[in-house]
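Visitor: I am new to this structure and would like to know what the descriptions rest on. Please show it to me first.

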Amino acid sequence: MKKILVPTDFSDNAYSALCYVSKLYSAESLQITVLHSFNSEVESMGPRMDIKKSEALTKTLLKESVLEGDQMIKRLKVDAPKLKHDFKVLATPAMLSDSIDSLVVNEGYDLVVMGSKGQTGAEDILMGSTTDRIVNTLEACPLLIVPEQVEFSMPTEIAFASDYNEFYSLSELKPITRLVRQYGSNLNIVNVGSEADLDKKQKLNFEKFNTDLTEYNSNFYFVPKRGSVSKTLFNFIDEKNIALFALIYHKHNFIKQLFREPVVSRLGEHMYVPTLVIPQQY
């Protein structure tokens, strides 16, 4: 059974993430764990609080978190009654990133799913600070980032971004191929730039991608940069009706820009498209 971890702050965005992934894999029986960290509340107690009071407050926060998680799952079962997944709720006083890393490594989760922003509702960046931290620390499994406004649609058009400085065998990446096979998706490989500008290494990797994907419905696109890299890709997503955007993440390639660039204009539909981030080490 596929195991999915859904960290939550109980915001609408977090609920959207839970709802989206539950529907994305509706054909399967999943074990979905809803995880809440109340570390910020614990930290606010301060070192001078009496130990007994601290323990009592921690127990109260734990109980309240589990209750709110249960209510979140009940809401999902009302909204999507045909789902066959198993759900459970975990709450922890530990930092969220530490809890996620520990659970993924020790309990073998296949996917982590998060909303792109939390309760702050910041609209001037691609994703919230918590999600940003998880992107930079998660190495053992993929991360699916889900925008708050997302409405589920079958991912029949999937985009994968590459600068061709590295080659990754997409045919062996199960997080992508299992969706491609399940939905009969077209896999659209997009490069921001010109094919004529590729150097020798990039041309070789481009050919490797072509060879690797011969058994799939794949298309290769080179799009001129207009404004920032993120805006260029967002425009491509809009034009091609992309339902899911995928990428390989490591700290030294152009993809890192996507999680640093301000999104000044919110024109287009990019804010509704989930992003599947696969760590380089995966």
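Visitor: Which residues are exposed on the other side of α4?

Guide: This is a predicted model. In it, V105 and N106 are exposed on that side of α4. Exposed here stands for a relative accessible area over 50%.

Visitor: What makes the opposite side a side at all, and which residues are buried in α4?

Guide: The buried residues of α4 are L96, S97, S99, I100, L103 and V104. They cover an arc of only 165 degrees around the axis, and therefore lie on the same side of α4.

Visitor: How do you know what span is expected for α4?

Guide: The rule is 1.5 Å times one less than the number of residues. Helix α4, residues 96-107, has 12 residues, and the expected value is 16 Å. From first C-alpha to last, α4 reaches 16 Å, so the span is close to the expected one. Just after α4, G108 takes a positive phi of about 65 degrees.

Visitor: Why is S11 called buried?

Guide: Its relative accessible area is 8%. Buried means under 20%, so S11 qualifies. S11 lies in the loop between β1 and α1. Its C-alpha is separated by 9.3 Å from that of E148, although the two residues are 137 apart along the chain.

Visitor: What makes a group of residues a nonpolar core?

Guide: The members are buried residues of certain nonpolar kinds, joined through side-chain atoms within 4.5 Å. The largest such core here has 48 residues, and I4, V113, L144, F160, L170 and I176 have the most contacts inside it. Helix α1, residues 12-24, gives the most to this core, with 8 residues. Another core, of 30 residues, lies apart from it, with V104, I134, V192 and Y249 among them.

Visitor: Why are β3 and β8 said to stand at the edges?

Guide: The open sheet has 10 strands in the order β3-β2-β1-β4-β5-β10-β9-β6-β7-β8, with mixed pairing. Each of β3 (86-92) and β8 (218-223) has a single partner strand, so one side of each is left without a neighbour in the sheet.

Visitor: How do you know that β9 and β10 count as paired, and in which sense do they pair?

Guide: Pairing requires at least two bridges. Strands β9 (residues 244-249) and β10 (residues 275-279) have 5 bridges in the parallel sense, so they meet the requirement. V277 in β10 is the bridge partner of L247.

Terms used: Residues numbered from 1 in each chain as written. Predicted model: local features only at pLDDT ≥ 70, side-chain atom pairs only at ≥ 80, totals over all residues. Heavy atoms only, no water. Helix = DSSP H or I, 4+ residues; strand = E, 2+ residues; numbered from the N terminus. Buried < 20%, exposed > 50% of the residue type's maximum accessible area, 1.4 Å probe, protein only. Arc of directions from axis to C-beta.
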